[in-house]
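Let's take a walk through this one together, starting with how its parts meet and working down to individual residues. Keep the viewer open as you read.

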Amino acid sequence: MSVKVLTANRLTDGEAVWLGANGEWLEHIDGALIARHAEAVTALEEAGKAAIKSNLVIDVNVIDVEERGTDLYPLRLRERIRQLGPTIRLDLGKQAEKPKATAA
Amino acid sequence: MYRYDEFDHAFVSARVDQFKDQVERRLAGELSEDQFRPLRLMNGVYLQLHAYMLRVAIPYGTLSSRQMRKLAYIARHYDRGYGHFTTRQNLQYNWPALKDMPKVLDELASVEMHALQTSGNCIRNVTADHFAGAAADEVADPRPYAEILRQWSSMHPEFSYLPRKFKIAVTGAERDRAAIQVHDIGLHLKKNATGELGFAVYVGGGQGRTPMVAKKIRDFLPVEDLLSYTTAIMRVYNLNGRRDNKYKARIKILVHETGTEELTRQVEAEFRVLKETDLKLPQQDVDAIDSYFAPPSLPLRPEGWSELAAARKADHSFSIWVDQNVTPHKNPDYGVVTISLKPIGGIPGDATDAQMDLVADIAEKFSQDEIRVSHEQNLVLPHVAIADLRIVYDLLLTDGLATANAGLITDIIACPGLDYCALANARSIPVAQRISERFGKPERQSDIGELKIKISGCINACGHHHVGHIGILGVEKKGEELYQISLGGSGDEICTIGDITGRGFSSEEIVDAVETIVDRYLDIRTDKEETFLATYRRVGAAPFKDALYSEAANAA
């Protein structure tokens, strides 16, 4: 079943980040705050607006992900690439720290 | 090469200071993203999927060794050790931090470079034939006029908020290597019957979601009228170009909707008003700019030909590279060397900091300190003595820069696509890599001959797919990448937009589909001299569609 998380890019360096359950912006999707129903999605959207106002992040979006065991799997390829890094440079991006993953 | 004068230095330095202040205010929260976004874009700073991207202007694709070394330095210190040369003769860094941008711009300014007008609805970096000033077939060097246009258009108050971005390309040879007919304005520098220099003027070309070949609205415009005529075009566009719909805002749509005849009438009417104003180029100013681009004094090196013959005999790989990557120079003792940034299976247009440094060193020693960037995402050494080809080749070999594929099927243009770009719908680079690997054997490439594959990851067409002999457009369909093929496009002097073949192909199918097209071409060409494009123009799309879709149907 598809659920939603909130993602953005960090203002200072453009790094892809996800809103964590602890309210912090995380560099990895693991630990992202999951919205399972409409009210929770609205809360995510509100959190996004607040984060933009406080100049922490830019380009904030709610995205669809699937829970696969303990992992969160973004449904769009675009988001999977954001999660990991360029598929043609496995030595770059977050995947360079997490060699087990593949984007596509 | 052009050298900044005091005005240029002060101008760029003031812009860097201004942007430094804007970045500080943004990071301090004094500017919102809505306020800051147009400011950062004016300085070439985009946001991509993984990080910010900085697009550096390389005016008319010309670089000195010092400038190339600076680009390498920035890649090493502020990025991840590489840069991406683009189809706009620019360089993109994919990972710089916002807080470092002012420092990077300072570094660029120290070698007379900047990132101004590499984004936004303004006149963008003026591009030119990458063999300018060197090619044997050139009538005159187009770069002085590109430089005049650069100076005139930089922060031009009247043309800083156009309906949409605006691209100008200039060539000085009959053979169009600058794809001028798919630019908003294309200028072909040529001589008239009495030997005077002037321009054929093309307007309203472009790719993107509505590809169009430019219309010629002047067969000969004296060079002194360059700025007044260009201003006339810009004024007509600025006044009448659509601002209600960004997809209909380019001048190509205005030309199409107005009609070439009426638009020409409007431009000529405006030109009559401007012709005798201070926009008329004084000859001494043209001469002053021209002097910066004076051909280098090249010593005679006739010994090169016998040395070359011996070297070719001794090394077949070297001989193939000379055939493929060296183009005739104005001076018969010299050649124009294309450095392929398309190693087999590599990423088109990417160069590491070490490769940039190596090219800078080679250019300094063997190419009069000059380097060019081509819109085909390669580098060029414009003035290499035939006698030095062997040593240049050996040096290029040391870091994977001697791939002998200029103009061949593996010399693929590809935009960054979904691996980096926030606008992309599908990946481009992995498709280019797989095609390159499939056709990478030298004998096979050579047998196929000239064939330009161009790949874009979205409808914006940064990968020039509309003018690819084989064009590939990546789209997203039901969450999957799908690739649409077009055939018969060409960006040269006989400019055509490719024809879409039919339904698209999945990522798994696309390389086989390209091979099917190539195999059909090999089957039906009259002989090896008939290129893919010539064959396509002779037979049309039907044999290729038949091969693509009947085979697919058989396989299903």
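Where domain 3 of chain B meets domain 4 of chain B, nine residues of the former are in contact with nine residues of the latter. On the domain 3 side, the residues doing the touching break down by class into four nonpolar, three polar and two charged. From C-alpha centre to C-alpha centre, these two domains lie 27 Å apart. They belong to a chain divided into domain 1 (6-109), domain 2 (142-292), domain 3 (304-397) and domain 4 (413-555).

Bear in mind that this is a predicted model. How confident is the predictor about chain B? The average pLDDT there is 96, and 99% of the residues score at least 70. For the complex, the predictor gives an ipTM of 0.94 and a pTM of 0.96.

Stay in domain 4, which begins at residue 413, and look at strand 16 (residues 413-414) of chain B. This strand pairs with strand 17 of chain B in the parallel sense, over two bridges, and B:Ile413 stands opposite B:Lys454 in strand 17. Moving on, strand 17 (residues 453-456) is joined by four bridges to strand 18 (residues 470-477) of chain B, and these two run parallel as well. One pair to click on here is B:Ile455, whose bridge partner in strand 18 is B:Ile472.

Is strand 17 of chain B buried or exposed on its two faces? Both faces are covered: B:Ile453 and B:Ile455 are buried on one side, and B:Lys454 and B:Ser456 are buried on the other. So the lysine that B:Ile413 stands opposite is itself a buried residue, because 20 or more other C-beta atoms within 10 Å is what counts as buried.

From strand 18 of chain B the pairing turns antiparallel: strand 18 and strand 19 (residues 480-487) of chain B pair over eight bridges. B:Gly471, for instance, has B:Ser486 in strand 19 as its bridge partner. The two strands form a hairpin with two residues between them, and in this hairpin B:Lys478 takes a positive phi near 50 degrees.

For a contrast with the covered strand, find B:Ser446, which sits in helix 15 (residues 442-448) of chain B. Why is B:Ser446 partly exposed? It has 16 other C-beta atoms within 10 Å, and a residue needs 20 or more to count as buried, while 12 or fewer would make it exposed. The C-alpha atoms of B:Ser446 and B:Ile485 are 23 Å from each other, with their positions 39 residues apart along the chain.

Now jump back to domain 2 of chain B, which covers residues 142-292. Helix 5 (residues 143-153) of chain B is mostly covered, with nine of its 11 residues buried. Among them are B:Tyr145, B:Ala146, B:Ile148 and B:Leu149, but also B:Arg143, B:Glu147 and B:Arg150. What do the buried residues of helix 5 pack against? Their partners are strand 3 (62-64), strand 6 (127-128), strand 7 (168-171), strand 8 (185-191), helix 6 and helix 9 (283-292) of chain B. After the helix comes B:Met155, with a positive phi near 55 degrees.

Several of those strands belong to an open sheet of five strands in chain B, ordered 6-7-8-9-10 and mixed in its pairing. Strand 6 and strand 10 (215-222) are the edges, each pairing on one side only. Within the sheet, strand 7 and strand 8 pair in the parallel sense over four bridges, and B:Ala169 has B:Gly186 in strand 8 as its bridge partner.

Next to B:Ala169 in sequence is B:Val170. Which residues touch the most other members of the largest nonpolar core? B:Val170 and B:Val359 do, in a core of 185 residues. Helix 6 (residues 226-240) of chain B gives this core its largest share, eight residues. Setting aside neighbours within four places in sequence, B:Val170 is in contact with B:Val126, B:Ala128, B:Pro142, B:Tyr145, B:Ala146, B:Ala178, B:Leu187 and B:Leu189. B:Tyr145 and B:Ala146 are two of the buried residues of helix 5.

Finally, zoom out to the other chain. Here 23 residues of chain A are in contact with 22 residues of chain B. On the chain A side, strand 4 (57-68) and helix 2 (77-84) are the elements that give two or more residues, and helix 2 provides the largest share, four residues. By class, that side has 10 nonpolar, seven polar and six charged residues.

Notes: Residues are numbered from 1 along each chain as its sequence is written. Chains are lettered from A and ligands numbered from 1 in the order in which they are written. This is a predicted model: local features need pLDDT of at least 70, side-chain atom pairs count only at pLDDT 80 or more; totals for chains, interfaces and linings use all residues. Two residues are in contact if their C-beta atoms, placed from the backbone, lie within 7 Å. Ala, Val, Leu, Ile, Met, Phe, Trp, Tyr, Cys and Pro count as nonpolar, Asp, Glu, Lys and Arg as charged, and the others, Gly among them, as polar. A nonpolar core is a set of buried Ala, Val, Leu, Ile, Met, Phe, Trp, Tyr and Cys residues joined through C-beta atoms within 7 Å. pLDDT is the predictor's confidence in each residue, from 0 to 100. Domain bounds come from an automatic or database domain assignment. Two strands pair if DSSP finds at least two bridges between them.
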